[in-house]
Amino acid sequence: MYPEDPARGCLAVSERAFTTDPMLDPGFSMGTLSLVPKGGIMKPTILIAERDEILRRNVKSGLIARGYEVVEAWDRTGALRSFLHSSPDLVLIGTSQGTGWDGLGVAVDIRKQDRIVPVILIAEHSSEAQAIAALRAGVSDYLKRPLPFAELLASVERNLHSAAGRLFSPPQAGTPGSFDLEPMIGESRAMQEIKAYLLKVAATDSTVLITGETGTGKELAAEMIHKKSPRHKKPFVCINCAALPDTLLESELFGFERGAFTGALASKQGKFELARGGTVLLDEIGDMSHYAQAKLLRAIEKKEVSHLGGKQDIPVDVRVIAATNQDPEQMVAQGKFRKDLYYRLNVARIHLPPLHDQKEDILCLLNHYMAEMNRRFRRRVEGFTEEALASLLHYDWPGNVRELKNLLEATFINLPSRRITFLDLPEPFRRRLKEVRNIPQAERNRLLSALFATNWNKSKAAQKLSWSRMTLYRKMAKYHIVTKPCPPKPKKG
């Protein structure tokens, strides 16, 4: 069983290209992935268990060049012996085909000896069944060859960080530092691109607009930008625009002077002043009224605010990040959002995709939150049965990551045993799972009906279905609805 505070990396099935020689990978940056501690006091030890001698040597030379101690093994018995003798900080296991080499068996052997040490499995050929078997064996990360050596190093760093509870190499002064993947969990190509772009955006001082469905992590993305920016030592202030009535808008955002209204017994700073030098997140900005949008536009453009009842402008140096779960372009077209404010906010644009569009990240998220729940509930849950895992993988997750986390917390309240079974999952979820199996055809028919009713005007069809335009396009792609079908040609004669 796992200890009460398990430190396990994420498990993600990855489809990538692999460069066996680390020196041939142009995308690798030694500065961002070095794990050698300052002063060179400690060198993490890595055990490489792989039958393929060329691959083993290439990976070994790359790891040594980055400051690791490396131990090699090329058969199952030798792998276990080397593990017990050297007590490595991390184990890399290859799964070469056609050589009689059982990489998954090596992982099982090591897990019997140690339930904490990170184990990364690099599969030559992958399948969903093998990924599930790897999860059951307690593998920390599951990668598929071919993949760039830089991504292998990123996995090594992430899992060592998770196991040790700290980074081996602190970021150098004057740089945003190596990008900590938590709490932005995910190894899909889309998530990798988003995290790389977040780091680029953080290094600038540009205004940011984040879009995405509810529960996709827009506030987390905004926090990551702030924490990795030069403003990270200053305040991060989140403003819920949906909960801000016009009557309180100016006093909450910009502050007020004593006597400005009944009950104003003393002057008070607004949110923009409280965030001076830092970052303001305008969450759910799409729910703001036109009056509120006009007031906000002036503060963003002029970088100054005026207290309610005050007579002078107050300069405020803040970075603005806005977030919405609505389609801003559609709102502008419908006249619900000011065009000038939209163009002022839409400088650096980040869209967070829904979870059902990146299902390869579900395993990674489950692993991460299971470790978190084990700590919170003082449990020793090791994983899921195949039936439970299959149901979680095939579910559509309309509430996205937030729904997944809440579901897992509700499951832990039921006090599952070592493995979470399908019956351990909350009853409302099991009922929804049965219901959604009958939805696809009905949803496709609704979509086609709305398109025909609006003469294939996509904006009107989305409005009719109470969907965003982005959701409409995504559903059309899902059900392979490309364009309006042509009417049959009249027969001649």
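The exercises below work through cavities, helix packing, salt bridges and aromatic pairs in one predicted model.

Residues are numbered from 1 along each chain as its sequence is written. In this predicted model, local features need pLDDT of at least 70, side-chain atom pairs count only at pLDDT 80 or more, and totals for chains, interfaces and linings use all residues, while side-chain values use heavy atoms, with hydrogens and water left out.

**Exercise 1. Describe the largest cavity and its lining.**

Step 1. A cavity is a set of points, on a 1 Å grid over the protein atoms alone, where a 1.4 Å probe fits but cannot get out; lining residues have an atom within 4 Å of a point. A volume is the space filled by probe spheres set on the points, which are joined across faces, edges and corners.

Step 2. The structure has two cavities of 30 Å³ or more. The volume of the largest cavity is about 80 Å³. Its lining consists of 11 residues, and I48, E50, L55, V59 and I122 are the closest to the centre.

Step 3. Helices (H or I, at least four residues) and strands (E, at least two) are DSSP runs, numbered from the N terminus. Two or more lining residues come from each of β1 (45-49), α2 (53-65) and β3 (90-95).

Step 4. Ala, Val, Leu, Ile, Met, Phe, Trp, Tyr, Cys and Pro count as nonpolar, Asp, Glu, Lys and Arg as charged, and the others, Gly among them, as polar. By these classes the lining of the largest cavity has eight nonpolar, one polar and two charged residues.

**Exercise 2. Do the same for the second largest cavity.**

Step 1. The second largest cavity has a volume of about 50 Å³.

Step 2. Its lining is made up of L209, I285, G286, T324, P328, M331, F337, Y342 and L345. At least two of the lining residues come from α12 (328-333), and at least two from α13 (339-345).

Step 3. Seven of the lining residues are nonpolar and two are polar, with no charged residues.

**Exercise 3. Find the buried residues of helix α8 and the elements they pack against.**

Step 1. Buried means under 20% relative accessible area, exposed over 50%, and partly exposed in between (1.4 Å probe, protein chains only).

Step 2. In α8 (residues 218-227), the buried residues are K218, A221, A222, M224, I225 and H226.

Step 3. Contact means heavy atoms within 4.5 Å. The buried residues of α8 pack against two kinds of element: the helix α7 (189-202) and the strands β6 (208-212), β7 (236-240), β10 (279-283), β13 (319-324) and β14 (348-352).

**Exercise 4. Place the salt bridges E53 with R57 and R231 with D317 in the chain.**

Step 1. A salt bridge is a side-chain nitrogen of Lys or Arg within 4 Å of a carboxyl oxygen of Asp or Glu. The structure holds 17 of them.

Step 2. In the bridge between E53 and R57, the closest N and O atoms are 2.4 Å apart. E53 and R57 are separated by about one helical turn, because they are four residues apart in helix α2. An α-helix has 3.6 residues a turn, so residues three or four places apart point the same way. E53 is partly exposed at 39% relative accessible area, and R57 is exposed at 53%.

Step 3. In the bridge between R231 and D317, the closest N and O atoms are 2.8 Å apart. This pair links distant parts of the chain, 86 residues apart: R231 is in the loop between α8 and β7, and D317 in the loop between β12 (313-315) and β13. R231 is buried, with 10% relative accessibility, whereas D317 is partly exposed, with 44%.

Step 4. Elsewhere, R56, K60 and E72 are linked in a salt-bridge network.

**Exercise 5. Classify the aromatic pair of F377 and F412.**

Step 1. Rings of Phe, Tyr and Trp (its six-membered ring) pair if their centres lie within 6.5 Å; planes under 30 degrees apart count as stacked, over 60 as edge-to-face and the rest as tilted.

Step 2. The structure has seven aromatic pairs. F377 and F412 lie 5.8 Å apart, centre to centre, with 40 degrees between the planes, and the pair is tilted.

Step 3. F377 is in helix α14 (residues 362-377) and F412 in helix α16 (residues 400-413), so the pair ties together parts 35 residues apart in sequence. F377 is partly exposed at 26% relative accessibility, while F412 is buried at 0%.

Step 4. Ring pairs also join Y395, W397 and F429 into a cluster.

Notes
On a 1 Å grid over the protein atoms alone, a cavity is a set of points where a 1.4 Å probe fits but cannot get out, and a pocket is an open set with protein on both sides within 12 Å along at least five of seven lines; lining residues have an atom within 4 Å of a point.
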